[in-house]
Amino acid sequence: MKIPKLKKYQSDFEHSYCLGVYPTLELIAYQPHSVLSVLLHSKGKKNQGVEKIRQLAANLQINIQENDHLVEKLSQRGNTYAIGIFQKYVGEINPLENHLVLVHPSSMGNVGTIMRTMLGFGCQDLAIIEPAADLFHPKVIRASMGAAFQVRSKSFNTFPDYWGSYANHNLYPLMTDGKIALPDAFLEQPYALIFGDEASGLGDEFHQFGTSLRIPQSDKVDSLNLAQAVGIVLYQGWNQTGQGSKE
């Protein structure tokens with residue numbers, strides 16, 4: 001694959017950047033065929049992770065460049081020792097597995113954190129309803145600590161587009177006025193957990209889709225942060241499978 005001209009990331013690029021040693025290791029481990037090149041900073045010469053990147057890249061014949069100026073220019077941070085440059089790829093979600101559905105998420109930090117949380121609680125399939133944060137943005141990749149390269153993701157123009165493709169999934173929209181409190185709910189597999197955006201959540205129309213759930217909370221706040229709410233519900237589903245008790 002041809003290495004593109006490297007400049008500050010833009011969403012219309014066909015490539016993106018993975019900033020940091022650990023995320024770059026995750027990129028090489030889980031999406032090796034998408035890697036175009038790796039940039040290294042001279043300050044990372046004694047870093048064990050950088051040495052591992054060198055070994056993996058050599059084994060896979062991945063191009064490596066040591067270029068302090070480019071690393072600093074692309075990362076805009078002084079403590080970045082490695083940047084993985086990779087070709088964007090088309091995702092697909094597993095129709096047999098449980099899904100997490102995010103409707104119009106806008107915070108790149110939240111989306112990245114959610115990806116990492118998904119892996120922690122045994123969920124790998126993420127449906128995104130557009131418009132939404134760019135899943136390939138370096139801020140998303142970094143916030144996920146490279147978990148983005150293990151999560152299977154696919155974007156849809158509308159929620160009905162998603163539902164029409166995975167009609168066998170039991171739908172559970174999370175809403176502040178959901179019909180059933182989360183501790184009282186049993187999630188029937190395969191299921192889709194549906195969350196709205198950070199500002200307004202899901203619209204009232206989502207009450208017609210499946211069984212709406214709510215997370216009990218005090219009246220000190222009007223709602224929880226999206227990433228926190230997702231983590232709570234993912235844990236509930238993971239625990240119901242019996243996985244939590246095995247760890």
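Two strands count as paired here if DSSP finds at least two bridges between them. With that in hand, let's walk through this model, which is a predicted one, starting from one bridge and working outwards.

Take A127: its bridge partner in strand 7 is K154. That bridge belongs to the pairing of strand 6 (residues 125-129) with strand 7 (residues 152-156), where 5 bridges join the two strands and the direction is parallel. To get from strand 6 to strand 7 the chain goes through helix 5 (residues 138-143), and this β-α-β crossover is right-handed.

Now zoom out to the sheet these strands sit in. It is an open sheet of 5 strands, ordered 7-6-5-10-8, and the pairing is parallel. Strand 7 and strand 8 (170-173) are at the edges with a single partner strand each, so each has one side without a neighbour in the sheet. From one strand to the next, the twist averages 20°. At the strand 8 end, strand 8 pairs with strand 10 in the parallel sense over 4 bridges, and L171 has A192 in strand 10 as its bridge partner.

Strand 5 (99-103) is worth a longer stop. On one side, 5 bridges join strand 5 to strand 6 in parallel, with H99 bridged to D125 in strand 6. Strand 5 also pairs with strand 10, again in the parallel sense, over 4 bridges; there, L100 has L193 as its bridge partner. Strand 5, helix 4 (residues 108-120) and strand 6 make up a right-handed β-α-β unit.

How many of the residues of strand 5 are buried? The count is 5 of 5. In a regular strand, side chains alternate between the two faces of the sheet. Here both faces are covered: H99, V101 and V103 are buried on one side, and L100 and L102 are buried on the other. Helix 7 (residues 226-240) lies across strand 5 and strand 10, and runs at about 165° to strand 10.

From strand 6, follow the chain into the loop that leads to helix 5, and you'll find A133. With a relative accessible area of 9%, A133 falls under the 20% cut-off, so this residue is buried. Beyond its neighbours within four places in sequence, A133 is in contact with P105, S106, S107, M108 and V111. A133 and G112 are 21 residues apart in sequence, and their C-alpha atoms are 10.0 Å apart in space.

Next, the aromatic residues. The model has 16 aromatic pairs. One of them is F156 with Y162, an edge-to-face pair with 5.5 Å from centre to centre and 80° between the planes; both residues are buried. F159 and F206 form another edge-to-face pair, at 5.1 Å centre to centre and 65° between the planes. F159 lies in helix 6 (residues 159-165) and F206 in the loop between strand 10 (191-195) and strand 11 (213-214), so this pair ties together parts that are 47 residues apart in sequence. F159 and F206 are both buried. These four residues belong to one aromatic cluster, made up of F156, F159, Y162, W163, Y166, F206 and F209.

There is also an open sheet of 4 strands, with the order 1-4-2-3 and mixed pairing. Its edges are strand 1 (15-19) and strand 3 (64-66), each with a single partner strand, so one side of each has no neighbour in the sheet. Here the twist averages 20° from one strand to the next. Strand 2 (residues 35-40) runs parallel to strand 3, joined by 3 bridges, and L39 is bridged to Q65 in strand 3. Helix 3 packs on this sheet, touching strand 1, strand 2, strand 3 and strand 4, and its direction makes about 105° with that of strand 2.

Our last stop is T80, in the loop between helix 3 (68-75) and strand 4 (82-87). Is T80 buried or exposed? Its relative accessibility is 1%, so T80 counts as buried. Apart from neighbours within four places in sequence, T80 is in contact with G20, H41, V71, S75 and R142. With R142 there is also a polar contact, in which the two side chains are joined at 3.5 Å.

Notes
Residues are numbered from 1 along each chain as its sequence is written. This is a predicted model: local features need pLDDT of at least 70, side-chain atom pairs count only at pLDDT 80 or more; totals for chains, interfaces and linings use all residues. Side-chain values use heavy atoms; hydrogens and water are left out. Buried means under 20% relative accessible area, exposed over 50%, partly exposed in between (1.4 Å probe, protein chains only). A polar contact is a pair of N or O atoms within 3.5 Å; within protein, one must be able to donate a hydrogen and the other to accept it, and residues adjacent in sequence count only if both atoms are side-chain atoms. Contact means heavy atoms within 4.5 Å. A crossover is right-handed if, with the strands pointing away from the viewer, the path from the first strand over the helix to the second runs clockwise. Rings of Phe, Tyr and Trp (its six-membered ring) pair if their centres lie within 6.5 Å; planes under 30 degrees apart count as stacked, over 60 as edge-to-face and the rest as tilted. Axes are lines fitted to C-alpha atoms, for helices over the stretch in contact, and angles run from 0 to 180 degrees between N-to-C directions.
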